[in-house]
Amino acid sequence: MEAKAPDMYILVEREDPIAVVTINRPDKLNALNWALVAELADALDALDRDEAISCIVLTGAGNKAFAAGADIAEMADKSAVTMATGGFESWDRIRRIKTPLIAAVGGYALGGGSELAMHADMIVASENAKFGQPEILLGIMCGAGGTQRLTRTIGKYRAMELCLTGKQVSAQEASAWGLVNRVVPEGQHLEEAKKLAHEVAKQAPLAARFTKEAILKAFEMPLEEGLQYEKRLFALLFASEDQKEGMRAFLAKEKPAFKGR
Ligand code: CAA
C-alpha cells in the first residue's frame with residue numbers, strides 16, 4: 001500500500017482500485033473543524049477525479065471515534081451570518097462525490113460525525129460504534145443534513161427521538177433501524193469496509209457511479225421522474241464498452257474485464 005504524505009488532518013492511502021481516507025485528529029475525537037472538512041472535500045474530490053479509484057472508504061483515526069461532531073470550540077463564538085454563509089460549502093462538495101463511498105465507523109459518530117457517515121453510501125460499524133445527534137444538548141440543531149437524511153433513513157419517530165433528546169444509539173440498534181449495513185466485532189470495521197469496497201470496485205465503474213446517482217435521486221424525485229431518470233442512465237450504459245464486455249463475458253462463461261469505458 002502506497003501512503004501519501006500526511007496533510008494536516010486527512011490521510012489518504014491508496015490500494016487501487018480502492019482508497020482509504022482517514023480523519024486524523026484523534027486527540028479531539030476527530031472533531032470536524034472547517035479546515036478539516038475542506039481538506040476532506042479536497043481529498044475526496046481528487047480521488048473522485050482519479051479513474052484508477054473505484055470505491056473510497058472513509059474512517060476515523062484511533063478506536064474511540066469516527067468523528068465526535070463539528071468542532072464545538074471553533075463554533076462557540078461564530079455568528080449566525082458566518083454559519084449561514086460559509087459553513088457548509090465543503091459538505092456540499094462531499095455530497096457531490098460520484099464514486100461510491102463507504103464509511104467505516106468505530107466509536108463515536110455524533111452530530112456532524114453521524115451526518116458525515118450519512119454522506120456515505122454504505123456504513124460498516126464496529127460493535128463499539130455509537131450514533132447520535134447531540135446538537136440539541138448544545139442549544140442548536142443538526143446542520144449537515146441530520147434531520148433530512150435520518151428521517152428518510154430511519155423514519156420520523158426515531159429521527160425525532162434522536163434529534164430531540166440527543167441520546168446515543170448502539171451499532172446494533174442503528175443496524176436494526178437500517179442506518180448501518182453491517183456490524184462487526186470491535187476494531188474490524190475498517191477491514192470489513194475495505195472488503196466491501198473491493199467488492200464494489202470489481203464492478204463496472206460507470207455502472208456503479210450511475211447506480212449511486214440513481215439511488216440518491218430517489219431521495220429527491222417523485223417516483224415517475226425517478227423511474228425516467230433511471231431508464232435514461234440504464235440506456236446510456238449501452239454506449240459503454242463495459243456493457244458489451246459484461247454481456248460477452250457472461251455468454252462466454254468468462255470473468256469480465258471492465259475498463260471504466
Ligand atoms: N468539538 C471539539 N472538541 C471535541 C469534540 C467536539 N465535537 N468532541 C470531543 N472533543 C475533544 C474534547 O474537548 C477533549 O479535548 P481535550 O482533551 O483537549 O479536553 C477531547 O476531544 C476528548 O474528549 P472527551 O474528554 O470529552 O472524551 P470523553 O470520552 O469523555 O467523551 C464524548 C466523549 C461523549 C464524545 C464527548 O467528547 C462529547 O460529548 N463530545 C461532543 C459531542 C457533540 O456534542 N457533538 C456535536 C457537535 S455539534 C455538530 O456536530 C453540529 C453539526 O451538525 C454540524
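In the predicted model, glutamine 188 is partly exposed, with a relative accessible area of 43%, and is placed in the loop that connects β11 (182-184) to α9 (189-201). Although glutamine 188 and serine 126 are 62 residues apart in sequence, their C-alpha atoms are 6.3 Å apart in space. Lysine 231, a residue of helix α11, is likewise partly exposed, at a relative accessible area of 49%, and its C-alpha atom is separated by 47 Å from that of alanine 73, with the two positions 158 residues apart along the chain.

Helix α11 (residues 223-236) also takes part in a helix pair, since its axis and that of α10 (residues 205-217) come within 10 Å and cross at roughly 175 degrees. This crossing angle makes α10 roughly antiparallel to α11, as angles over 145 degrees are counted in that class. On the side of α10 the contact is formed by Phe210, Glu213, Ala214 and Lys217, and on the side of α11 by Tyr229, Leu233 and Leu236. Sorted by class, the contact between α10 and α11 comprises 5 nonpolar and 2 charged residues, with no polar ones.

In helix α6 (residues 146-154), the residues Gly146, Leu150 and Ile154 are buried. Viewed down the axis of α6, these buried residues fall within an arc of 15 degrees, and they therefore line one face of the helix. An α-helix has 3.6 residues a turn, so that residues three or four places apart point the same way. The cover over the buried residues of α6 includes α5 (112-117) and α7 (156-165). Just after α6, glycine 155 adopts a positive phi of about 95 degrees.

Cysteine 163 and cysteine 142 were examined with respect to disulfide formation, and a search of the whole structure returned 0 disulfides. The sulfur of cysteine 142 has its closest cysteine sulfur in cysteine 163, at 3.8 Å, which is too far for a bond, because a disulfide requires the two sulfur atoms to be within 2.5 Å. Both side chains belong to buried residues, given that cysteine 142 has a relative accessible area of 10% and cysteine 163 one of 15%.

Toward the N terminus of the chain, threonine 22 is located in strand β3 (residues 18-23) and counts as buried at 10% relative accessibility. When residues up to four places away in sequence are set aside, threonine 22 touches Tyr9, Ile10, Leu11, Thr59, Gly60 and Ala61.

Several backbone features were found in the loops on either side of β3. Most residues other than glycine have a negative phi, and most peptide bonds are trans. The peptide bond from aspartate 16 to proline 17, by contrast, is cis, with omega near 10 degrees, and proline 17 lies in the loop between β2 (10-15) and β3. In the loop between β3 and α1 (34-49), leucine 29 has a positive phi, near 50 degrees, despite being a residue other than glycine. Asparagine 30, placed in the loop between β3 and α1, has a positive phi of about 60 degrees although it is not a glycine. With respect to accessibility, leucine 29 counts as partly exposed at 25%, whereas asparagine 30 is buried, with a relative accessible area of 0%.

How values were computed
Residues are numbered from 1 along each chain as its sequence is written. This is a predicted model: local features need pLDDT of at least 70, side-chain atom pairs count only at pLDDT 80 or more; totals for chains, interfaces and linings use all residues. Side-chain values use heavy atoms; hydrogens and water are left out. Buried means under 20% relative accessible area, exposed over 50%, partly exposed in between (1.4 Å probe, protein chains only). Helices (H or I, at least four residues) and strands (E, at least two) are DSSP runs, numbered from the N terminus. The arc is that of the directions from the helix axis to the C-beta atoms. Contact means heavy atoms within 4.5 Å. Axes are lines fitted to C-alpha atoms, for helices over the stretch in contact, and angles run from 0 to 180 degrees between N-to-C directions. Angles under 35 degrees count as roughly parallel, over 145 as roughly antiparallel, 65 to 115 as roughly perpendicular and the rest as oblique. Ala, Val, Leu, Ile, Met, Phe, Trp, Tyr, Cys and Pro count as nonpolar, Asp, Glu, Lys and Arg as charged, and the others, Gly among them, as polar.
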